[in-house]
Amino acid sequence: MRGPRKLEVWKMGVVNYLDALKLQEKLVSDRKICKIPDTVLSLQHPPTYTVGKRQTDHNLLIPMSELKNIGAELHYTQRGGDITFHGPRQAILYPVIALREIGFGARNYVEKLESTMIELASLYGVKACSGQKGETGVWVEDRKIGAIGVRISYGITSHGLAFNIDPDLKYFKHIVPCGIANKEVTSLRRETVTELPAEEIIHEQLISCFARLFGYSTITWKENPLILSDNEEIE
Amino acid sequence: MLWASRAASYLRISAFHRGFSTVLKDLKYADSHEWVKVNGNSATIGITDHAQDHLGDVVYVELPEVGAAVKQGDSFGAVESVKATSDVNSPVSGKVVEVNEELNNSPALVNSSPYENGWIIKVEMNDAGELKKLMDSDQYSKFCEEEDSKH
């Protein structure tokens, strides 16, 4: 029906939020003109709170002046979804892919992102599921283990998913996570009895689940790509 | 597995022929799934039934300012559904003369009535010739079928 599809994976370690955002903007432009194949960034962020297009910063429960004291930044973005936290030991995937080539709309795409995290959780014996209506994300009973916030422009995706391996969950106490009160946030470490391998392995497993679910036949890995020169180009 | 997904695609297409996703005859369509209804120099714009179905429940619509310029193929606003913001592109170039304020209170109108009460903006066109670049209802129906068969 269609030819083999190629995915390029950038393994990036810990990346500042704004650097990752600038990089995604460039990749989206490049993908739009078919200069690059479908690409996914695999990374983690330093402690960072982000809000989506609806700017729901009323769900930040501490004054902005407090953020510096707890070592966190706050960023306003164009993605869908409410307020969330990103930090070390939380695996993030930012796929920059052309949805029109697979005939996907937002709903199918997000469902597949949920399935990616559900599959990863199952590798560790954790039974996760997607949320009820209006509660996009991945849950273990009523504890949230994975979040999604996406932007689609000219059919090209940016932002993506965040899966809690073992982040410091105390940071989530300073927000109403995803705007949903009275629901806990959890992590793979908390939910599994299995001993967790090195994080790099979990990142790779997450990427494999993603690649399989989205039907990619070839994956190329790019380790520690230099993004500094890209930043200079953009200015 | 492959047989099952082929069968599913076929069934989806059959369901489409039975009018599962509506396409209206007298409108013009862009390949990013927006429709335009032309009345003289005035264009009413929204997203199609196919688009709203593929988006999921719309919870927020970002509208442009009245007076803003729009360009054919460029984004003028966005809709949010299932934690995804999707840009909405204008099928024509011109000036925004009216926006559907109802969508601020009832964004779900985009889902329930994509061609009527869920209209998004009205534009005063500055180049009616651009309409030639758009699809008619038959072409758009075929386009949707082809897109849906890609997965």
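1. A nonpolar core, as the term is used here, is a set of buried Ala, Val, Leu, Ile, Met, Phe, Trp, Tyr and Cys residues joined through side-chain atoms within 4.5 Å. This is a predicted model. Its largest such core has 65 residues. The members that touch the most others are A:Phe214, B:Val92, B:Ile120 and B:Ile121. The largest share of this core, seven residues, is supplied by α3(A). A second core is separate from it and holds 18 residues, including A:Ala20, A:Val28, A:Ile36 and A:Tyr94.

2. Helix α3 of chain A deserves a look of its own. The helix spans residues 106–123, 18 residues in total. From first C-alpha to last it reaches 26 Å, close to the 26 Å expected at 1.5 Å a residue. Its buried residues are A:Ala106, A:Tyr109, A:Val110, A:Leu113, A:Glu114, A:Thr116, A:Met117, A:Leu120 and A:Ala121. These buried positions lie on the same side of α3(A), because they cover an arc of only 145° around the axis. A:Gly125 follows the helix, with a positive phi near 70°.

3. On the annotation of chain A: UniProt, in an unreviewed entry, places "domain: BPL/LPL catalytic" at residues 34–218. Over that stretch the chain is 22% helix and 29% strand. The C-alpha atoms at its two ends are 17 Å apart.

4. Chain B has 151 residues, and 52% of them count as buried. Five helices and nine strands make up its secondary structure. Read from the N terminus, the order is α-β-β-β-α-β-β-β-β-β-α-α-β-α. Among contacts in chain B with a separation of 6 or more, 66% join residues 24 or more positions apart. The accessible surface of chain B is about 7400 Å², and carbon and sulfur atoms account for 52% of that area.

5. The annotation of chain B also comes from an unreviewed UniProt entry: "domain: Lipoyl-binding" covers residues 42–124. This stretch is 18% helix and 43% strand. Its end C-alpha atoms are 5 Å apart.

6. B:Val92 is worth tracing as a core residue. Which residues does B:Val92 contact, leaving aside its neighbours within four places in sequence? They are B:Val36, B:Ala43, B:Ile45, B:Val70, B:Lys71, B:Gln72, B:Val123, B:Met125, B:Glu130, B:Leu131 and B:Leu134.

7. B:Gly94 sits in strand β8 of chain B, which runs over residues 94–99. B:Gly94 counts as buried because its relative accessibility is 5%, under the 20% cut-off. Outside the four places on either side in sequence, B:Gly94 is in contact with B:Ala68, B:Ala69, B:Val70, B:Val123, B:Glu124, B:Met125 and B:Asn126. B:Asn41 is 53 residues from B:Gly94 in sequence, and their C-alpha atoms are 9.7 Å apart in space.

8. Two backbone angles should be checked by eye. A:Gln55 is not a glycine, yet its phi is positive, near 50°. A:Gln55 lies in the loop between β3 (48–51) and α2 (64–67) of chain A. B:Lys83, also not a glycine, has a positive phi of about 65°. B:Lys83 is in the loop between β6 (75–81) and β7 (84–89) of chain B.

9. Are these two loop residues buried or exposed? A:Gln55 counts as partly exposed, at 46% relative accessibility. B:Lys83 counts as buried, at 10%.

Technical notes. Residues are numbered from 1 along each chain as its sequence is written. Chains are lettered from A and ligands numbered from 1 in the order in which they are written. This is a predicted model: local features need pLDDT of at least 70, side-chain atom pairs count only at pLDDT 80 or more; totals for chains, interfaces and linings use all residues. Side-chain values use heavy atoms; hydrogens and water are left out. UniProt positions are given in the numbering used here, feature names are shortened, and annotations may be inferred rather than shown by experiment. Helices (H or I, at least four residues) and strands (E, at least two) are DSSP runs, numbered from the N terminus. The expected span of a helix is 1.5 Å times one less than its number of residues. Buried means under 20% relative accessible area, exposed over 50%, partly exposed in between (1.4 Å probe, protein chains only). The arc is that of the directions from the helix axis to the C-beta atoms. Contact means heavy atoms within 4.5 Å. Accessible areas come from the Shrake-Rupley method with a 1.4 Å probe; for residues, only the protein chains shown count as cover.
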